[in-house]
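Q: I'd like to learn how to read a structure like this one, feature by feature. Can we go through it together?

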Amino acid sequence: MTLMPSAKPTRIPSRLGLATLMTALSMTRSFQLLPAAGRAAFAGRNQLPARPPSSLDRACGVAVVSRHQTARRHPRFGVLPRFMSQTASPSETSAPSEERKAELESKIREKGDVIRAMKEEGISKDDLAPHVAELLALKAELDPSVVSKTKETKKKGKGQQKQQKQQKQQPKPTSDDAESDYITPRSENYSRWYNDVVRVCGLAETSPVRGCMVIKPWGMSLWDRVRDDLDARIKDHGAENAYFPLLIPKSFLSKEAEHVDGFAKECAVVTHHRLTAEGAGEEGLIADPEAELEDPLIIRPTSETMIWNMFRKWIVSHRDLPLKVNQWANVMRWEMRTRPFLRTSEFLWQEGHTAHATAEGAIEDSKAMLDQYADMCEKLLAIPVVKGAKSPSERFAGAEETYTIEALMQNGWALQSGTSHFLGQSFGKAFDVTFQDADGTRRDVWGTSWGVSTRLLGALIMTHSDDSGLVLPPRVAPVQVVVVPIPPKKNDEEGKVALNSALDKLVADLKGAGLRVKVDDRDYVRNGAKYFEWERKGVPLRVELGPRDVKGGVCVFKYRAGSEGKETVPLDEISGRAVEGLDGLQEHLLDTAKERLAGDINMMASYEDMKTALMNDEASSYDGPGLYLVPWKCDAENEEKIKEECKATIRCYPADVNEAGMAEGKKCFYSGEDATHMALFGRAF
């Protein structure tokens with residue numbers, strides 16, 4: 001048998017003597033070139049009476065034949081060198097002499113060089129094993145603690161392998177656990193994805209009160225941004241802020257027939273004004289039977305009745321008109337099936353109420369406020385909307401006309417995002433609100449009401465966010481730029497000073513440009529975890545600054561959306577580049593949403609086409625069929641039939657196409673009769 005040369009050239013390290021390598025190989029080859037009988041005889045001469053192996057022997061894999069002599073033959077590399085057999089267990093030896101130490105250290109270096117050369121040659125682990133065992137034995141003689149350390153390392157390695165194996169065997173993460181940070185992909189279940197984003201990104205969570213949510217600080221800061229923007233618009237519109245009671249006498253709701261019918265099933269009623277422990281038994285407390293209210297109180301579902309009751313006191317003359325008030329408040333509408341932000345029993349909103357001397361003035365006011373809502377959605381939230389009027393069946397209870405803005409979510413469903421109502425004179429008459437005109441004649445006033453709610457946050461989430469979490473347009477983001485400083489080495493005091501100085505200037509420049517900035521300098525959180533957290537929260541821009549960046553006079557930009565890679569930016573250009581980049585991101589998100597809206601409106605489809613597409617379309621489906629703009633003859637009965645057959649509703653009669661007369665000369669897609677409107681049908685949240 002001959003030793004075959006490796007197909008791969010052998011590289012000899014510079015520190016490895018050629019003679020050392022040739023000696024090790026010649027020992028192997030000389031044994032392997034012997035005839036089989038000769039090898040057996042040679043091995044036989046080395047057989048000595050056996051003794052029990054020591055712990056060192058077991059650790060090194062040595063077959064012991066005597067305390068002072070071993071004989072182990074590898075099928076390829078042959079008998080191990082003689083000096084290995086002379087190594088005793090550490091428990092049986094004293095510390096080696098200085099001369100022996102020098103000899104051992106030299107042999108360890110030589111053996112290490114041989115092993116490295118063999119590895120580079122591509123020799124297998126099995127063939128390397130005896131040489132590694134010899135090296136360990138030499139190290140053990142030089143330092144007996146090596147054996148125990150090796151055992152501990154192996155034990156630790158096995159434990160880590162076992163842990164990794166267990167982790168691989170763990171089931172796929174789900175979002176069923178309230179503490180889980182897993183986000184279900186949209187394509188898997190869109191409804192669950194939405195709930196996961198709300199929970200994982202720290203926007204809101206369920207409360208002990210059924211149907212009510214706790215809005216967490218990050219979610220509340222988004223609502224604050226919406227409120228600040230809209231409050232300025234409302235004041236420019238001529239309305240003043242006020243506040244009205246949470247509780248409304250039940251008798252007030254009864255004064256406007258349509259209004260009470262529309263809200264009767266959603267009202268929460270207060271019937272007693274105190275509790276008592278007497279007679280409560282195990283219940284602890286009960287409503288005191290002697291404290292029942294003569295006129296039960298309703299927790300406000302909306303405030304028209306309370307406000308119009310006050311208008312009766314405040315309006316006397318035409319000089320008091322128009323009267324416009326607004327309140328930021330919470331309302332309660334009992335819901336059986338709830339979804340965070342989109343539909344909860346209690347929610348936050350603003351409600352504006354106005355009184356006018358003429359119908360034209362009231363209608364103009366109502367439409368003007370709808371325009372403000374649409375403009376706010378587009379410019380602040382980067383959400384394009386369809387403006388239009390509701391069908392009679394979908395109007396606000398007690399209104400003569402309801403105007404709406406409808407947004408399209410990523411799954412093809414619509415979301416009513418704001419409404420403005422022309423109330424006519426119904427509430428004025430119900431509460432006897434009149435004014436004396438310039439001629440001295442008493443006249444009934446005309447009214448409007450308009451509002452948006454925290455439902456807008458649901459629209460924001462479902463319009464822009466992705467499978468990684470929240471995506472926020474820069475103008476509404478509570479934090480527009482998060483700066484993550486990367487600290488220098490522990491003892492680099494000069495580097496720390498330089499980094500802090502650069503960081504202070506960077507933050508000052510960004511704030512000076514009017515940006516909302518957060519510095520995440522938490523020293524107990526890894527940088528990777530910080531990146532992950534702020535990406536999930538949707539912060540538009542992350543800036544990284546480390547010691548090397550400071551020396552180079554640069555920093556690193558990473559945008560949440562619209563750009564995949566990182567961008568190196570000079571520190572003296574940071575404010576201008578950040579403003580420019582954030583404006584670009586805002587525009588990108590709006591353009592993407594506009595393209596989705598335009599692409600998901602199906603034009604002139606037949607009823608059967610729409611029915612087939614929508615009847616099995618659920619909220620959990622991702623990238624559904626979208627909305628349908630079709631010719632329609634206004635008919636409440638047919639509208640209800642369509643709702644029963646395929647769950648579609650008329651979202652609105654879009655203002656632009658109907659004002660342009662697009663329905664003229666067309667037949668209703670359902671009844672075949674002359675169309676009265678172009679209607680936008682679809683599934684909706």
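A: Let's start with a definition for helix pairs: angles under 35 degrees count as roughly parallel, over 145 as roughly antiparallel, 65 to 115 as roughly perpendicular and the rest as oblique. Axes are lines fitted to C-alpha atoms, for helices over the stretch in contact, and angles run from 0 to 180 degrees between N-to-C directions. Helices (H or I, at least four residues) and strands (E, at least two) are DSSP runs, numbered from the N terminus.

Q: And what sort of model is this?
A: This is a predicted model: local features need pLDDT of at least 70, side-chain atom pairs count only at pLDDT 80 or more, and totals for chains, interfaces and linings use all residues. Residues are numbered from 1 along each chain as its sequence is written, and side-chain values use heavy atoms, with hydrogens and water left out.

Q: How many helices and strands are there, and what share of the residues is buried?
A: The protein has 22 helices and 27 strands. Buried means under 20% relative accessible area, exposed over 50%, partly exposed in between (1.4 Å probe, protein chains only). On that scale, 47% of the 685 residues count as buried. As for contacts (heavy atoms within 4.5 Å), take those between residues at least 6 apart in sequence: 68% of them join residues at least 24 apart.

Q: How do I read a pair of packed helices, say H8 and H15?
A: Two packed helices are described by the angle between their axes and the distance between the axes. Here the axes of H8 (residues 190–200) and H15 (residues 455–464) come within 11 Å and cross at roughly 115°, so H8 and H15 are roughly perpendicular to each other. On the H8 side, Tyr190, Trp193, Tyr194, Val197 and Val198 make the contact, while H15 brings Gly458, Ile461 and Met462.

Q: At what angle do H20 and H21 pack?
A: For H20 (residues 607–614) and H21 (residues 636–646) the angle is about 40°, with the axes 9 Å apart, and the pair is therefore oblique. Tyr607, Met610, Lys611 and Leu614 of H20 meet Ile642, Glu645 and Cys646 of H21.

Q: What about sheets? Which strands stand at the edges of the one with eleven strands?
A: Strands of a sheet pair through backbone hydrogen bonds, either parallel or antiparallel. To count as a pair, two strands need at least two DSSP bridges between them. The eleven strands form an open sheet with mixed pairing, in the order E5-E11-E12-E18-E15-E14-E13-E26-E27-E25-E24. E5 (240–241) and E24 (601–603) stand at the edges with a single partner strand each, so one side of each has no neighbour in the sheet. Within this sheet, E11 (residues 323–332) and E12 (residues 346–356) pair in the antiparallel sense over ten bridges, and Met332 stands opposite Glu346 in E12.

Q: Which helices lie across those strands?
A: H13 (residues 359–379) lies across E11, E12, E13, E14, E15 and E18, running at about 10° to E18. H15 lies across E14, E15 and E18, at about 150° to E15.

Q: How do I read a single strand such as E21?
A: In a regular strand the side chains alternate between the two faces of the sheet. In E21, Leu541, Val543 and Leu545 point one way and Arg542 and Glu544 the other, and all are buried. E21 runs parallel to E19, joined by five bridges, with Val543 as the bridge partner of Val483. Four bridges join E21 to E22 (residues 554–559), and this pair is antiparallel; Arg542 stands opposite Lys558 there.

Q: What does H17 pack against?
A: The buried residues of H17 (residues 527–536) are Lys530, Tyr531, Trp534 and Arg536. They pack against H8, H9, E19, E20 and E21. Just after H17, Gly538 takes a positive phi of about 85°.

Q: And the sheet with three strands: what is its order?
A: The order is E6-E10-E7, an open sheet with antiparallel pairing. E6 (247–249) and E7 (268–272) are the edge strands, each pairing on one side only. Four bridges join E7 to E10 (residues 292–299), with Ala268 opposite Ile299. Thr271 lies in E7, and at 35% relative accessibility Thr271 counts as partly exposed.
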